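Biologist: Please take one part of this model and look at it closely, going from the packing inside to the contacts that surround it. I would like a single connected account rather than a list.

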Amino acid sequence: MSTLALALTFFLVANPVGMSPAILSMVKDYPFDRQKKIMLREGFIAFIIALFFQFCGELFLGMLKISDFALAYTGGSVLFLTALQMIFHKPEETHGPVLKQEPFIVPIATPLISGPGLMTMIMVTSRAEGNDFKITTAIVLAWIGVMTVFATAPYLQKLIGKRGLAAMEQVMGMILGLISVQMLVNGTKLFVKTLA
Amino acid sequence: MELINLSIILFLIMDPIGNISSFLNMVQGIPAERRRVIIIREMFIALIAMVVFNYLGEFIFNILSVSETTLRLTSGAILFLVAIKILFPSTDSLRANLPSGEPFVTPLAIPLIAGPALLATIMLFAHLETSQEAVLGAIFVAWIAAAAILFFAAPIQRTLGNNGLMACERLMGLILVMLAIQRFLEGIQQLVKSCQL
């Protein structure tokens with residue numbers, strides 16, 4: 001595959017356009033400037049994670065004896081719990097100060113953007129291509145796209161408004177549920193193959 | 001498995017980096033010298049618990065007549081829930097509801113360092129490996145690394161900052177979820193295979 005084709009694949013798998021509304025619903029309670037900062041920060045962390053998996057992914061997973069299905073299940077289960085939180089979100093909840101922590105690394109950077117799908121894809125292609133520079137270039141190109149989407153996404157809420165966002169949280173929770181269960185289904189397929 | 005793999009897994013489940021902030025919260029207001037005494041004492045208590053489980057594991061196995069499959073499923077499930085609490089902090093989590101005052105045995109030695117997930121893992125390793133000495137070696141390596149990290153908890157927190165520490169905590173939580181799921185699914189693999197006989 002050419003570098004550009006790889007970059008496009010990575011971009012599509014990371015799926016920033018599809019994820020943005022869901023991410024926006026997660027950060028909707030923060031002031032606008034903070035939202036922009038969170039999204040760019042998470043995008044950057046996701047980039048680091050993608051690079052880490054390109055160079056050390058196989059070593060890391062081999063060291064801990066983690067199989068590909070476990071990777072998929074991890075992403076799926078963490079995302080599914082996030083989706084549940086979004087759907088059954090109680091706004092009047094006033095627990096201690098620990099609650100309402102800003103989303104940090106989990107769940108936006110990983111497993112939403114740099115999810116198990118992207119991690120596996122990066123590891124598989126870097127094994128197939130054997131050209132580190134090419135893959136890194138592709139990741140960088142893909143991330144230029146991701147960051148552009150993320151930089152513009154917070155403006156979307158100006159369009160929808162506060163009430164729209166609150167309604168969107170429910171719908172996006174459902175969508176996120178679908179994404180997470182898809183990860184679990186993919187993981188199950190891989191897992192069942194090992195049983196045969 | 002080799003010594004290095006065993007020790008890395010044990011080290012990750014001890015999760016000293018993730019425990020730094022709760023440890024520092026616990027010992028707030030206690031002078032630095034006293035803290036060192038506390039760390040060394042608590043780490044030795046944790047070590048004793050680990051070594052005991054390394055040797056007693058097989059005995060517990062027999063007395064309860066549990067199978068290896070059961071142990072995999074159980075330790076996977078416990079580790080999963082512990083790790084999920086790290087990723088989705090709530091007020092009733094292990095780390096949020098710590099009794100104040102100087103830690104003695106609980107909560108630092110058990111369960112923060114030598115928690116149920118770690119003890120179950122040690123039991124599993126002791127059962128799987130040919131010699132318990134191999135596991136003992138891995139326990140020592142992981143324990144020394146964990147002790148060193150807790151010993152330098154305050155400087156590490158200063159260098160990483162609160163955000164850096166939180167990042168480490170989150171990533172560790174995610175790795176723990178991976179380990180837990182891997183363990184659990186291995187258990188299911190074994191279960192399915194034993195049913196096909």
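**The nonpolar core and helix 8 of chain B**

Modeller: In this predicted model, the largest nonpolar core contains 111 residues, and those with the most contacts inside it are Leu10(B), Leu79(B), Ile122(B) and Leu176(B). The element that gives the most to this core is helix 8 of chain B, spanning residues 153-196, with 13 residues. To take one of the core residues named above, Ile122(B), once its neighbours within four places in sequence are left aside, is in contact with Met50(B), Phe53(B), Asn54(B), Gly57(B), Val135(B) and Ile139(B).

Turning to helix 8 of chain B and its packing against helix 1 of chain B, the two axes come within 10 Å and cross at roughly 125°, and the two helices are therefore oblique to each other. The contact is built from Ile9(B), Leu12(B) and Ile13(B) on helix 1 of chain B, and from Met172(B), Ile175(B), Leu176(B) and Leu179(B) on helix 8 of chain B; by class, these residues comprise 7 nonpolar, no polar and no charged. The crossing of helix 1 of chain B past helix 8 of chain B is left-handed.

There is also the boundary between the chains, where 22 residues of chain B are in contact with 25 residues of chain A. On the side of chain B that touches chain A, the elements giving two or more residues are helix 1 (3-14), helix 4 (68-87) and helix 8 of chain B, and the largest share, 13 residues, comes from helix 8 of chain B. Divided by class, that side of chain B has 17 nonpolar, 4 polar and 1 charged residues.

Technical notes:
Residues are numbered from 1 along each chain as its sequence is written. Chains are lettered from A and ligands numbered from 1 in the order in which they are written. This is a predicted model: local features need pLDDT of at least 70, side-chain atom pairs count only at pLDDT 80 or more; totals for chains, interfaces and linings use all residues. A nonpolar core is a set of buried Ala, Val, Leu, Ile, Met, Phe, Trp, Tyr and Cys residues joined through C-beta atoms within 7 Å. A residue is buried if 20 or more other C-beta atoms lie within 10 Å of its own, exposed if 12 or fewer, and partly exposed in between; C-beta atoms are placed from the backbone. Helices (H or I, at least four residues) and strands (E, at least two) are DSSP runs, numbered from the N terminus. Two residues are in contact if their C-beta atoms, placed from the backbone, lie within 7 Å. Ala, Val, Leu, Ile, Met, Phe, Trp, Tyr, Cys and Pro count as nonpolar, Asp, Glu, Lys and Arg as charged, and the others, Gly among them, as polar. Axes are lines fitted to C-alpha atoms, for helices over the stretch in contact, and angles run from 0 to 180 degrees between N-to-C directions. Angles under 35 degrees count as roughly parallel, over 145 as roughly antiparallel, 65 to 115 as roughly perpendicular and the rest as oblique. A crossing is left-handed if the near helix is turned anticlockwise from the far one by less than a right angle, and right-handed if clockwise.
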